[in-house]
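Colleague: Got a minute to go over the backbone with me? I'd like to see the oddities.
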Amino acid sequence: MPEPDDLMWRIAGGSGDGIDSTSQNFAKALMRSGLNVFTHRHYPSRIRGGHTYVEVRAGNGPVNSRGDGYNFLLTLGDSFARNPSEDAYYGNEEAKPLTENLDELNEGGVIVYDEGLLDEEDVEAINLEERAEENGWHVYPVDLRGIAREHGRDVMRNTAGVGFTAALMDIDPAYFEEIISNGMSGEMKEANLKVLEDAYELGQEVEHTHGWTAPEGEGHDEEQVLLSGSDAISYGAIDEGCRFISGYPMTPWTDVFTIMSQNLPKFGGISEQVEDEIAAAALAIGASHAGVKAMSGSSGGGFALMSEPLGLAEMTETPLVLVEAMRAGPSTGMPTKPEQGDLEHILYTSQGDSTRVVFAPANVEECYTQTRKAFELAYEYQIPAIVAYDQKLQGELRNVPESFFDEEPNADPGSVLTEEEIAEAAHHASDKFKRFLHEPEDGSNVSPRSVPGQEGGRFLATGNEHNEVGHISEDPENRVIQMNRRMGKLDDIREELDATEQSHQTYHGPEDAEYGIITWGSQQDTVFEAVDELNEAGHSVKAVGVSDLMPFPETEMTEFLESVEHAVVVEMNASGQLRGHIQKELGKYGDKLSSLLKYNGNPFEPRDVVEGFETSNGDGELPHQRMTYVPAAGD
Amino acid sequence: MSAFSAIGADSETDDEAFTPGIEPQPTWCPGCGDFGVLNALKKAMPEVGRNPDEVAVFTGIGCSGKLNSYFESYGFHTIHGRSLPVARATKLANPGVEVIAAGGDGDGYGIGGNHFIHTARENHDMTYIVFNNEIFGLTKGQTSPTSPKGHKSKTQPSGSAKDPLRPLSLSLSAGASYIARTAAVNPNQAAEILAEAIQHDGFAHVDFLTQCPTWNKDAKQYVPYTDIQESDEYGHDINDRAEAAQAMYDAESKLHEGEILTGRFYVDDERPSYTAEKQAIGEMPEQPLAERYFDEDAEWDRSYDLLEKHK
């Protein structure tokens with residue numbers, strides 16, 4: 001088998017078997033050993049049991065995606081199997097973590113399965129021996145449950161699995177000991193440490209038929225932290241002075257909502273779990289109206305309910321930050337599977353002409369910086385800002401230098417006036433504050449606001465069209481002035497983003513490349529890895545990951561598209577929504593853009609993108625059905 | 001000068017202070033009961049002792065939604081049925097602001113019914129005035145949740161097969177700590193009840209009977225009325241939940257039989273407001289959150305310390 005540069009380890013089992021926490025600890029241990037790590041999480045929409053796995057990829061080089069396939073499978077079996085009969089719909093769930101994962105295991109890979117949980121006939125039934133021979137796999141049956149039972153409880157099979165893995169891969173068990181020692185106490189700690197030790201010893205004793213070990217960590221220049229996209233969005237919000245969150249649970253948005261709810265009270269903030277998503281967004285508007293920096297969010301279906309308050313925030317020019325954590329749709333879709341199918345929904349939902357900012361961060365770092373920017377723009381320009389990400393980025397962990405987050409907080413509520421400033425500001429002859437000034441004094445499109453309780457700042461906020469003091473008005477002239485002013489903010493924001501040279505678009509590959517790949521959000525770093533592979537294989541390709549979806553980076557994208565002969569838009573949806581958006585915003589390029597689409601519930605792997613690009617280039621066709629290629633118009 | 005100097009300012013106000021200097025022409029029909037709400041509210045304010053800058057009035061959609069166009073204070077005319085969630089967050093963000101929400105029977109008991117239940121349940125310190133004219137007015141006369149059974153309209157041509165909703169009983173079940181019913185035809189009682197409701201520390205629900213002379217000709221049904229506090233027959237203990245429930249049941253049964261009972265039905269002064277409950281469990285700051293953004297000495301912790309557990 002080829003010597004793998006990176007360790008690509010998959011732990012599989014049933015939901016509720018501790019797969020998630022075990023993988024997190026595993027990733028953290030590898031990070032502490034001096035490697036870069038990246039995790040990918042796959043789980044069913046069930047509480048207990050079913051097919052769940054987490055992949056941990058680790059290496060000394062940059063590790064930005066789950067990689068292609070994986071090299072090491074640890075199956076714990078599904079202890080919550082509830083359909084043991086062979087003809088049951090779910091099949092043999094105990095065997096499932098083993099059977100369901102084999103298709104993606106790379107040639108020459110290693111399999112460790114729990115023979116304490118699986119009967120011999122289960123293993124025979126899937127022809128494991130035969131398949132192993134065909135693929136050069138190395139199979140290690142081991143009684144993980146037996147080891148766990150000896151010192152504690154069955155559920156400690158995961159610790160046994162980690163100990164056995166560590167021995168097979170020659171990883172120093174001290175990293176795992178340290179994590180167990182710090183994370184547990186009392187009998188639990190002692191039992192787990194013994195399980196780890198026994199399993200490690202056993203792993204050393206068995207004959208190693210595979211000939212490779214985990215890469216030895218070269219170390220990090222500075223302290224690293226292991227964070228998910230949801231952690232980073234939450235921390236970005238906190239650092240931007242967000243102290244109010246309202247929400248309703250819905251996967252995968254629940255992640256941010258939980259992190260914020262657990263932390264905000266400690267920071268002197270308020271968290272509200274409310275009756276529905278309409279209320280959630282409405283509360284965020286009410287808090288923001290009162291002068292507090294506020295956030296809400298949801299996933300597709302819940303975000304649909306927010307369509308109405310979202311428009312209210314636009315019309316009343318109340319700052320608002322919403323998070324949209326996408327999952328596969330339509331309707332309830334696949335609750336725990338990623339998709340980028342809500343783009344058009346996020347851009348245009350709500351009646352009338354949309355004036356909102358939409359960012360789609362690509363990774364943990366961007367989740368932090370773009371959430372901060374979303375708050376800054378929302379409060380400065382009095383406009384809703386949406387941070388769109390998906391179930392993939394929500395749950396995946398990667399290491400980032402701690403210093404990345406060493407940023408000053410910014411609690412500035414933006415264009416809110418102090419009472420002294422209100423006294424000086426424009427008022428109607430009747431003393432009513434001109435909250436919605438037709439021509440703001442600084443020549444911008446932002447008319448500064450007051451908040452309830454401030455002396456002299458009285459105004460009416462209304463979702464109806466309104467005049468300068470906020471009273472309902474259907475005067476045609478006023479209508480046009482107010483519409484132009486509100487919509488003009490998008491141009492101002494575009495200019496600000498350009499002027500600060502903090503482009504949110506990320507480029508990769510040789511500047512003079514012949515072909516381009518365009519992608520957005522969580523698929524960016526996977527695409528970049530594929531671009532490296534393609535260039536190494538002799539193609540001439542560059543890529544751009546688009547984060548600014550509204551306002552759209554017209555100049556940047558025009559430059560990119562003019563510089564290439566053809567571009568493939570890579571996205572996780574069935575209708576090519578970004579491709580459509582580019583054509584709408586730029587008004588052309590229908591003949592220059594093709595689409596590579598994946599919407600089976602799994603994100604792209606680098607090799608998917610390589611195959612897709614080669615197809616677009618006329619060098620073959622997609623070898624399997626899990627993706628769709630849509631050629632450019634006229635092709 | 002503090003950031004919110006209007007709050008708690010020792011200013012004597014009269015009802016004129018709550019009349020906008022640029023009063024838009026009311027779009028309410030002549031004889032509309034909504035004028036009764038507006039006037040009662042203006043009349044209540046000097047009693048409450050608040051000035052226009054420290055009051056925020058939140059409305060939904062419908063004829064009632066125009067209330068804050070004709071009432072001088074901070075105003076937020078939200079969307080259909082959503083005045084309560086917007087209003088209660090403003091109260092959480094700045095408990096010093098006097099928060100009043102208003103809606104119609106369609107807005108408040110129909111499309112906004114869910115928010116009504118949950119806002120009452122949480123017992124936010126605010127006042128909710130429902131303009132109850134038993135009809136959709138602004139959309140021109142459709143059957144509403146409080147329209148009587150058999151009510152005929154363009155959308156219920158054979159007459160409604162539904163029993164009307166019982167707002168007082170619903171409010172009690174949901175958890176409101178002050179529940180009263182008054183009527184536009186009784187301006188003195190209305191102003192008195194509104195002043196009391198606003199000063200109540202908890203969720204005060206006032207079902208305000210308003211006649212609709214255009215779409216609900218039965219509007220005259222609201223005359224005459226009986227004040228249950230002044231009638232020997234109905235003198236129940238307003239602090240007793242069971243007696244209040246019975247009184248509400250009677251009042252709601254008799255409404256469509258032609259006997260109109262108004263007055264205070266239930267008052268619970270013991271139950272802490274939501275703000276107090278949240279402060280007690282440490283999930284609500286002592287200082288109004290909104291003030292911190294104007295406080296130059298405020299310290300803003302950053303997320304950096306949270307990174308420890310990610311190492």
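Modeller: Sure. This is a predicted model, and a good place to start is A:Ser331, which is found in the loop between β11 and α14 of chain A.

Colleague: What's the phi of A:Ser331?

Modeller: About 50°, so positive although A:Ser331 is not a glycine. Most residues other than glycine have a negative phi.

Colleague: And is A:Ser331 buried or exposed?

Modeller: A:Ser331 is exposed, because its relative accessible area is 70% and the cut-off for exposed is over 50%.

Colleague: Which residues does the cis peptide bond with omega of about -5° join in that stretch?

Modeller: A:Gly329 and A:Pro330 are joined by that cis bond. A:Pro330 lies in the loop between β11 (320-326) and α14 (343-348). Most peptide bonds are trans.

Colleague: Switching topic: what kind of peptide bond joins A:Met550 and A:Pro551?

Modeller: A cis one, with omega at about -5°. A:Pro551 sits in the loop between β19 (548-550) and α20 (554-562) of chain A.

Colleague: OK, now A:Tyr589. Where is it?

Modeller: In chain A, in the loop between α21 (577-586) and β21 (593-598). Phi of A:Tyr589 is near 80°, a positive value in a residue other than glycine.

Colleague: Is A:Tyr589 buried or exposed?

Modeller: A:Tyr589 is buried, because its relative accessible area is 6% and buried means under 20%.

How values were computed. Residues numbered from 1 in each chain as written. Chains lettered and ligands numbered in written order. Predicted model: local features only at pLDDT ≥ 70, side-chain atom pairs only at ≥ 80, totals over all residues. Heavy atoms only, no water. Helix = DSSP H or I, 4+ residues; strand = E, 2+ residues; numbered from the N terminus. Buried < 20%, exposed > 50% of the residue type's maximum accessible area, 1.4 Å probe, protein only.
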